[in-house]
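Visitor: I would like a close look at one part of this model, and then at what else stands out. Please keep it brisk.

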Amino acid sequence: MLQRFFNTNASKTLCMQRVLLGAVMLPHGAQKLLGWFGGYGFDGTMNYFTAAMHIPSALAFLVIASEAFGSLGLLFGLGTRLAAFGAAATMVGAVLTTHLKVGFFMNWFGNQPGEGLEYHLLALALALALVVRGGGAFSLDRRLSDRLELRRTRRRERALRAGRARQGLTPQTF
């Protein structure tokens with residue numbers, strides 16, 4: 001099961017999608033966790049999510065963790081599927097709680113009551129590809145997957161040799 005979680009191919013397209021999604025999500029996570037880039041920080045964000053938006057505290061924590069730590073996972077390609085799932089879930093939640101009522105377009109000219117959902121749809125599209133196919137080239141997931149596969153192959157070979165030895169077969173007789 002761990003093998004399937006980390007499994008990915010050497011796609012440079014997936015790598016680019018992963019790094020771009022991580023790079024876009026990281027500043028949002030830094031706003032929510034650290035208060036950087038004009039954000040409220042952890043306490044302020046938790047308070048806003050729970051008091052103003054009435055989001056359960058466990059879910060609010062997961063949003064902050066997903067954006068802050070999941071974005072790092074995406075950048076390094078470690079736990080890509082989980083990190084991308086967190087980003088996708090965050091985008092769906094943001095659309096349903098806030099952005100759907102504003103409409104499709106971003107608030108480029110400041111004449112809407114908020115931001116539309118176009119950004120969220122793009123992030124969701126990137127995330128879904130990563131959930132399905134993994135982190136691609138240059139990901140730590142790929143390295144872990146390769147090591148797990150090598151370990152599994154060696155274990156099978158040892159079991160095969162042991163089975164042949166129990167049957168009295170030597171390497172010369174088969």
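Visitor: In which helix is Gly163 found? Please go on from there to the largest pocket and the aromatic pairs.

Guide: Gly163 is found in helix H7, residues 140-166. Two notes on the basis come before the rest. The model is predicted, so local features need pLDDT of at least 70 and side-chain atom pairs count only at pLDDT 80 or more, while totals for chains, interfaces and linings use all residues. Residues are numbered from 1 along each chain as its sequence is written, and side-chain values use heavy atoms, with hydrogens and water left out.

Helices (H or I, at least four residues) and strands (E, at least two) are DSSP runs, numbered from the N terminus. Gly163 is buried, at 17% relative accessible area. Buried means under 20%, exposed over 50%, and partly exposed in between, with a 1.4 Å probe and protein chains only. Lys12 is 151 residues from Gly163 along the chain, and their C-alpha atoms are separated by 41 Å.

Now Thr80. Its place is in helix H5, residues 80-99. Thr80 is buried, with a relative accessible area of 0%. Leaving out residues up to four places away in sequence, Thr80 touches Arg18, Leu74, Leu130, Gly134, Gly135 and Asp141. Contact means heavy atoms within 4.5 Å.

H5 also matters for the largest pocket: 12 residues of the lining come from H5, the largest share. The pocket has a volume of about 1100 Å³. On a 1 Å grid over the protein atoms alone, a pocket is an open set of points where a 1.4 Å probe fits, with protein on both sides within 12 Å along at least five of seven lines; lining residues have an atom within 4 Å of a point. The volume is the space filled by probe spheres set on the points, which are joined across faces, edges and corners. There are 38 lining residues, and Lys32, Phe49, Val63, Glu67 and Ala94 lie nearest the centre. The lining divides into 20 nonpolar, 15 polar and three charged residues. Asp, Glu, Lys and Arg count as charged; Ala, Val, Leu, Ile, Met, Phe, Trp, Tyr, Cys and Pro as nonpolar; the others, Gly among them, as polar.

Last, the rings. The structure holds five aromatic pairs. Phe5 and Phe6 are one of them, edge-to-face, 5.0 Å centre to centre with 75° between the planes. Rings of Phe, Tyr and Trp (its six-membered ring) pair if their centres lie within 6.5 Å; planes under 30 degrees apart count as stacked, over 60 as edge-to-face and the rest as tilted. Phe5 is partly exposed at 29%, whereas Phe6 is buried at 12%.
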